[in-house]
Amino acid sequence: MKSVLITGANRGLGLGMVKYLTKQNKAENIFATCRTPSDELKQLAQENKNLHILNLDLTNLNSFGDVVPKISQVMGDQGLNLLVNNAGISTKFTKLQLVKSEQLLENLTVNTVAPIMLTKALLPVLKQAADKHSDRPVGAERAAVINLSSILGSIEKNDQGGFYPYRCSKAALNAATKSMSLDLKKDSILVACIHPGWVKTDMGGKNAPLDVETSVQGMLDTILQLKEGDSGKFLQFDGTELPW
Ligand SMILES: NC(=O)c1ccc[n+]([C@@H]2O[C@H](COP(=O)([O-])OP(=O)(O)OC[C@H]3O[C@@H](n4cnc5c(N)ncnc54)[C@H](OP(=O)(O)O)[C@@H]3O)[C@@H](O)[C@H]2O)c1
């Protein structure tokens with residue numbers, strides 16, 4: 001793959017993906033976006049000249065268009081092969097009696113509105129990649145958008161209740177993923193959403209059963225194997241299909 005852009009790349013699963021991709025030499029150019037680069041990400045960028053750190057606050061919706069020229073500066077007319085909408089937030093203490101409208105709106109902004117608007121902003125470079133690499137099958141090697149969802153966004157799997165801001169924002173992201181997969185089919189851009197498993201990160205907490213490396217390896221192996229018929233699916237990190 002010639003290029004990939006990952007949001008929220010300073011820590012957690014986003015940083016894990018950057019580490020994996022640099023180590024495995026899976027992408028010729030990696031665009032790692034974040035609000036503030038961590039020391040680890042800065043160190044990786046020093047060691048890997050194909051890793052480009054871009055500043056991006058996902059609540060600053062009007063800034064998304066600025067990313068396109070930065071990609072083109074590096075990629076020329078090759079476009080962007082893979083967009084991973086990874087960054088996300090999860091507000092705690094959100095049982096029905098406690099939930100606040102601000103929490104619902106904040107989760108929707110970062111987890112749903114931002115991935116939709118960033119995908120919209122990056123469509124020119126995604127389409128460019130799809131056209132430029134028309135000799136390759138539909139998938140991440142050509143052009144694809146992967147949205148980091150969660151099993152908590154599955155309506156069918158909800159047997160615990162609560163988590164209003166997070167569940168609603170991820171269920172909405174799932175709905176957006178399905179629409180995007182249909183809308184972008186004619187452009188040969190694959191779109192799918194993926195649940196990373198319950199992973200030891202700041203969000204997942206230390207009791208999570210999976211480490212970042214296992215989840216990331218599973219997700220990237222799955223993502224890189226996706227084919228045209230997988231567009232519009234809700235998958236787990238290991239490739240298992242999940243119910244909406
Ligand atoms: N860990 C799990 O068990 C789990 C399970 C299911 C789904 N997921 C999903 O996986 C994705 C990654 O989660 P994670 O576990 O890696 O979470 P994390 O460790 O909490 O990291 C979240 C990332 O999102 C970024 N972010 C949050 N708000 C942002 C904003 N306004 N603008 C730019 N970046 C922003 C953070 O950047 P800052 O450092 O600037 O805040 C950070 O890089 C999320 O979409 C999450 O919902 C995780």
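Two strands count as paired here if DSSP finds at least two bridges between them, and β1 and β2 clear that bar with four bridges, running parallel. This is a predicted model, so treat what follows as a tour of a prediction. The chain carries six helices and seven strands, and a ligand sits among 29 surrounding residues.

**Overall build**
- Reading from the N terminus, the elements go β-α-β-α-β-α-β-α-β-α-β-α-β.
- The radius of gyration is 17 Å, which agrees with the value near 18 Å for a compact globule of 244 residues.
- Along the principal axes, the C-alpha atoms take up a box of roughly 50 × 40 × 35 Å.
- Buried residues make up 45% of the 244 in the chain.
- Take the contacts with a separation of 6 or more: 68% of them link residues 24 or more positions apart.

**Around the ligand**
- The residues that come nearest to the ligand are G8, G12, G88, T201 and G204.
- By type, the shell splits into 12 nonpolar, 13 polar and four charged residues.
- Helix α1 (residues 12-24) supplies three shell residues, the largest share.

**Helix α1**
- Over its 13 residues, α1 spans 18 Å from first C-alpha to last, close to the 18 Å expected at 1.5 Å a residue.
- Its buried residues are G12, L13, G14, L15, G16, M17, V18 and L21.
- G12 therefore turns up twice, as a buried residue of α1 and among the residues nearest the ligand, going by the burial cut-off of 20 or more other C-beta atoms within 10 Å and the ligand list.
- The cover over those buried residues includes strands β1 (3-6), β2 (29-34), β3 (51-55) and β4 (82-85), along with helices α2 (39-47) and α6 (212-225).

**Strands β1 and β2**
- Five of the six residues of β2 are buried, so the strand is mostly covered, a residue being buried at 20 or more other C-beta atoms within 10 Å.
- Within the parallel β1–β2 pairing, I6 has A32 of β2 as its bridge partner.

**Two positive phi values**
- Most residues other than glycine have a negative phi, and two residues here go the other way.
- N25 comes just after α1, in the loop between α1 and β2, and its phi is near 55 degrees.
- N25 is exposed because just 9 other C-beta atoms lie within 10 Å.
- F163 has a phi near 50 degrees and lies in the loop between β5 (144-148) and α5.
- F163 counts as buried because 21 C-beta neighbours fall inside 10 Å.

**Long-range neighbours**
- V74 belongs to helix α3 (residues 67-75) and counts as partly exposed, because it has 14 C-beta neighbours inside 10 Å.
- Setting aside neighbours within four places in sequence, V74 is in contact with N29 and H52.
- The C-alpha atoms of V74 and N29 are 8.3 Å apart, although 45 residues separate them along the chain.
- C168 is in helix α5 (residues 164-183) and is partly exposed, because 19 other C-beta atoms lie within 10 Å.
- C168 and L104 are 64 residues apart in sequence, yet their C-alpha atoms are 8.0 Å apart in space.

Notes
Residues numbered from 1 in each chain as written. Predicted model: local features only at pLDDT ≥ 70, side-chain atom pairs only at ≥ 80, totals over all residues. Near = placed C-beta within 6 Å. Nonpolar A, V, L, I, M, F, W, Y, C, P; charged D, E, K, R; others polar. Expected span 1.5 Å × (residues − 1). Buried ≥ 20, exposed ≤ 12 C-beta atoms within 10 Å, placed from the backbone. Contact = placed C-beta atoms within 7 Å. Rg over C-alpha atoms; globule rule 2.2 N^0.38 Å.
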